[in-house]
Amino acid sequence: MKLTKEKADEMRDLPRRAKNGRGPGYSKAEIAEMYGVSVATVKKVLSGDYWK
């Protein structure tokens, strides 16, 4: 799947799990699997390195 700006925006809007892995939301690995991309790509999208 090619990651579009719209998908990147969706990814940013998803609730994220706390860094300790507890609580509601998605981990970066789960988001990567949902969108068919690598965890590194998810990190770059969430940090604003891709599609600011």
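Let us start where two helices meet: Lys28, Ala29, Ile31 and Ala32 of H2 are in contact with Val39, Val42, Lys43 and Leu46 of H3. Sorted by class, this contact of H2 with H3 holds six nonpolar, no polar and two charged residues. Please keep in mind while reading that this is a predicted model.

**How the helices cross**

The axes of H2 and H3 come within 8 Å and cross at roughly 105°. Angles of 65 to 115 degrees count as roughly perpendicular, and H2 and H3 are therefore roughly perpendicular to each other.

H3 also packs against another helix. Helix H1, which covers residues 5–13, meets helix H3, residues 39–47, at an angle of about 80°, and their axes are 9 Å apart. H1 and H3 are therefore roughly perpendicular to each other as well. On the H1 side, the contact is made by Ala8, Met11 and Arg12, while H3 brings Val42, Val45 and Leu46. By class, the contact of H1 with H3 has five nonpolar residues, no polar ones and one charged residue.

**The nonpolar core**

What makes up the largest nonpolar core? The core has eleven residues in all: Leu3, Ala8, Met11, Leu14, Ile31, Ala32, Tyr35, Val37, Val42, Val45 and Leu46. H1, H2 (28–35) and H3 are the elements that give two or more residues to this core. As a broader background, nonpolar side chains tend to be buried together in soluble globular proteins.

Some names now come up again. Val42 and Leu46 of H3 take part in the contact with H1, they also meet H2, and both belong to the core. Ile31 and Ala32 of H2 touch H3 and are core members too.

**A few residues to look up**

Asp9 lies in helix H1. Is Asp9 buried or partly exposed? Asp9 counts as partly exposed, because its relative accessibility is 29%.

Ala29 lies in helix H2 and is one of the residues that meet H3. At 46% relative accessibility, Ala29 counts as partly exposed.

Ser27 sits in the loop between H1 and H2. With a relative accessibility of 21%, Ser27 counts as partly exposed; the cut-off for buried is under 20%.

Where is Asp49 found? Asp49 is in the segment after H3. Its relative accessible area is 54%, so Asp49 is exposed. The side chain of Asp49 also makes a polar contact with the side chain of Ser47, at 3.3 Å.

**Distances across the chain**

Each of these four residues can be paired with a partner elsewhere in the chain. The table lists how far apart the partners are along the chain and how far their C-alpha atoms are separated in space.

| Pair | Separation along the chain | C-alpha separation |
|---|---|---|
| Asp9 and Leu46 | 37 residues | 9.1 Å |
| Ala29 and Lys7 | 22 residues | 16 Å |
| Ser27 and Lys5 | 22 residues | 20 Å |
| Asp49 and Gly23 | 26 residues | 26 Å |

A good pair to find in the structure is Asp9 and Leu46: they are 37 residues apart along the chain, with their C-alpha atoms separated by 9.1 Å. Asp9 lies in H1, and Leu46 is among the H3 residues that make the contact with H1.

Technical notes: Residues are numbered from 1 along each chain as its sequence is written. This is a predicted model: local features need pLDDT of at least 70, side-chain atom pairs count only at pLDDT 80 or more; totals for chains, interfaces and linings use all residues. Side-chain values use heavy atoms; hydrogens and water are left out. Axes are lines fitted to C-alpha atoms, for helices over the stretch in contact, and angles run from 0 to 180 degrees between N-to-C directions. Helices (H or I, at least four residues) and strands (E, at least two) are DSSP runs, numbered from the N terminus. Angles under 35 degrees count as roughly parallel, over 145 as roughly antiparallel, 65 to 115 as roughly perpendicular and the rest as oblique. Contact means heavy atoms within 4.5 Å. Ala, Val, Leu, Ile, Met, Phe, Trp, Tyr, Cys and Pro count as nonpolar, Asp, Glu, Lys and Arg as charged, and the others, Gly among them, as polar. Buried means under 20% relative accessible area, exposed over 50%, partly exposed in between (1.4 Å probe, protein chains only). A polar contact is a pair of N or O atoms within 3.5 Å; within protein, one must be able to donate a hydrogen and the other to accept it, and residues adjacent in sequence count only if both atoms are side-chain atoms. A nonpolar core is a set of buried Ala, Val, Leu, Ile, Met, Phe, Trp, Tyr and Cys residues joined through side-chain atoms within 4.5 Å.
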